[in-house]
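These are my notebook entries on a structure that I had not examined before. I record what I looked up, entry by entry.

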Amino acid sequence: MDSEKISAKEREEAKFSLGAATLYGINAVIGSGIFLLPQDIYKGLGPASIAVLLGTAILTIMLAVCFAEVSGYFGKNGGAFQYSKRAFGDYIGFNVGFLGWTVTIFAWAAMAAGFAKMFIITFPSFEGQNIPLSIGLVILLSLMNIAGLKTSKIFTITATIAKLIPIVAFSLCTLFFIKNGLPNFRPFLQLEPGTNLLGAISNTAVYIFYGFIGFETLSIVAGEMRDPEKNVPRAILGSISVVSILYMLIIGGTIAMLGSTIMTSNAPVQDAFVKMIGPAGAWMVSIGALISITGLNMGESIMVPRYGAAIADEGLLPAAIAKKNKNGAPLVAIFISSAIAIILLLTGSFRDLATFSVVFRFFQYIPTALAVMKLRKDQPDAKLIFRVPFGPLIPILAVIVSLLMIWGENPMNFVYGLIGVVISSAVYFIMKGLNKKTLKN
């Protein structure tokens with residue numbers, strides 16, 4: 001009995017505090033996107049992409065506050081899956097959860113591919129070794145995850161602090177150098193030939209949004225936080241606010257220093273920092289970016305398997321997927337997640353995986369925004385730490401803008417989403433049939 005109490009106490013201490021959870025949230029967002037995609041962000045609109053960045057940050061905050069409110073109803077893992085299940089029932093919840101787990105695996109694969117790309121930028125002698133580097137990282141982090149949350153937590157927090165040093169340094173330098181680079185913001189709108197304004201805005205927003213995805217990670221691993229009903233909403237809002245400010249300064253500083261030469265640079269943020277402080281800037285940003293994407297992969301290795309395990313915990317996937325080892329790690333879910341990520345790395349590029357993971361994240365965000373209104377109606381007396389202001393206005397705006405983002409990137413995304421729902425629905429009804437047979441026996 002005493003050993004069980006000690007074990008429970010140790011497991012609680014291994015969980016994230018509010019400060020650690022906020023750092024985890026920052027780590028879950030800041031990764032490869034802000035370093036690897038400046039060209040894609042700039043090319044469609046030129047300096048006007050900074051306005052789209054601001055708009056995308058506002059959209060992200062609208063979605064984040066929806067997650068912050070609904071997370072207050074729960075104290076366990078699952079994120080959008082749990083919210084949709086509570087608000088709309090098992091069928092909708094399973095579809096959101098199953099597709100969500102799939103998408104987070106795609107996102108992890110994209111981030112592992114991003115790690116390999118950044119590693120080669122930093123150490124060019126490894127050119128051509130993208131796949132071995134990315135697969136090796138997935139395997140290493142999966143083994144670390146199997147060793148338990150405490151090990152992963154220490155490395156994640158350390159990586160987050162380390163990667164923030166060059167990012168904050170670049171951001172502070174931007175405040176001093178941006179005035180000298182104001183000519184590079186003229187003309188402000190530089191529309192790419194052969195494109196229309198709405199299409200350019202949509203495409204740019206999708207690339208920018210890749211840099212923001214991950215803010216919902218805290219809600220998915222809520223069960224790994226201390227006092228999650230209070231700390232998860234605070235950590236979500238704190239982390240996304242910090243990230244939004246840093247991103248505006250990083251992209252603004254890069255445009256100010258490089259202007260249109262961003263399009264000919266292999267490492268725009270690094271080159272911009274060189275213009276600010278000299279050759280040391282390239283190494284600071286390169287090492288910081290490499291630490292950043294490594295830390296992000298660490299966070300994904302914790303979150304992705306626990307998404308699948310949360311669905312299995314609710315009896316909607318085979319119970320074996322949620323089974324934990326002595327260290328509290330969902331062993332089968334880790335194996336499935338890492339195996340699929342490795343297969344994706346063998347078949348897809350960083351940019352393809354990144355675009356797919358961004359677009360289909362909206363199929364997680366939309367049900368969560370809708371769940372805000374449904375849970376308010378179902379549980380009007382719930383005592384929450386945070387509520388989204390202005391009634392239903394922000395959740396409704398979040399849904400509308402999300403739908404426009406999906407359509408603007410490619411209208412066929414709705415068809416792909418429908419195909420995903422058909423597949424996940426089939427899995428749901430198969431599982432439901434198997435569960436009925438088990439109960440009869």
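**Entry 1: the second largest pocket.** I looked up the lining of the second largest pocket in this predicted model. Its lining residues are Tyr91, Ile92, Asn95, Val96, Leu99, Phe363, Ile366, Pro367, Leu403, Ile406, Phe414 and Val421. I then noted the elements that each give two or more residues to this lining: α7, α16 (350-378), α17 (393-409) and α18 (412-440). Which of them gives the most? I found that it is α7, with 5 residues. By character, the lining residues divide into 11 nonpolar and 1 polar, with no charged residue. For the volume of the second largest pocket I recorded about 260 Å³.

**Entry 2: the nonpolar core.** I turned next to the largest nonpolar core, which holds 120 residues. Within this core, Phe209 and Phe215 touch the most other members. I also asked which element supplies the largest share of the core. Helix α7 (residues 90-122) does, with 18 residues. Helix α7 thus appears twice in my notes, as it also gives the most to the lining of the second largest pocket.

**Entry 3: helix α6.** Is helix α6 (residues 80-88) largely enclosed or left open by the rest of the structure? I noted that 7 of its 9 residues are buried, so the helix is largely enclosed. The buried residues of α6 are Ala80, Phe81, Gln82, Tyr83, Ser84, Lys85 and Ala87. After α6 comes Gly89, and I recorded for Gly89 a positive phi, near 100 degrees.

**Entry 4: Leu434.** I located Leu434 in helix α18. Its relative accessibility is 44%; because partly exposed covers values between 20% and 50%, I entered Leu434 as partly exposed. I also checked Leu434 against Pro318: the two are 116 residues apart in sequence, and their C-alpha atoms are 9.6 Å apart in space.

**Entry 5: the chain as a whole.** Lastly, I looked up totals for the protein chain. I counted 18 helices and 0 strands. Of the 441 residues in the chain, 56% are buried. I recorded an accessible surface of about 18300 Å², with 69% of it belonging to carbon and sulfur atoms. How much of the contact total at a separation of 6 or more comes from residues 24 or more positions apart? For the protein chain I entered a share of 82%.

Definitions and conventions: Residues are numbered from 1 along each chain as its sequence is written. This is a predicted model: local features need pLDDT of at least 70, side-chain atom pairs count only at pLDDT 80 or more; totals for chains, interfaces and linings use all residues. Side-chain values use heavy atoms; hydrogens and water are left out. A nonpolar core is a set of buried Ala, Val, Leu, Ile, Met, Phe, Trp, Tyr and Cys residues joined through side-chain atoms within 4.5 Å. Buried means under 20% relative accessible area, exposed over 50%, partly exposed in between (1.4 Å probe, protein chains only). Helices (H or I, at least four residues) and strands (E, at least two) are DSSP runs, numbered from the N terminus. Contact means heavy atoms within 4.5 Å. Accessible areas come from the Shrake-Rupley method with a 1.4 Å probe; for residues, only the protein chains shown count as cover. On a 1 Å grid over the protein atoms alone, a cavity is a set of points where a 1.4 Å probe fits but cannot get out, and a pocket is an open set with protein on both sides within 12 Å along at least five of seven lines; lining residues have an atom within 4 Å of a point. Grid points are joined across faces, edges and corners, and a volume is the space filled by probe spheres set on the points. Ala, Val, Leu, Ile, Met, Phe, Trp, Tyr, Cys and Pro count as nonpolar, Asp, Glu, Lys and Arg as charged, and the others, Gly among them, as polar.
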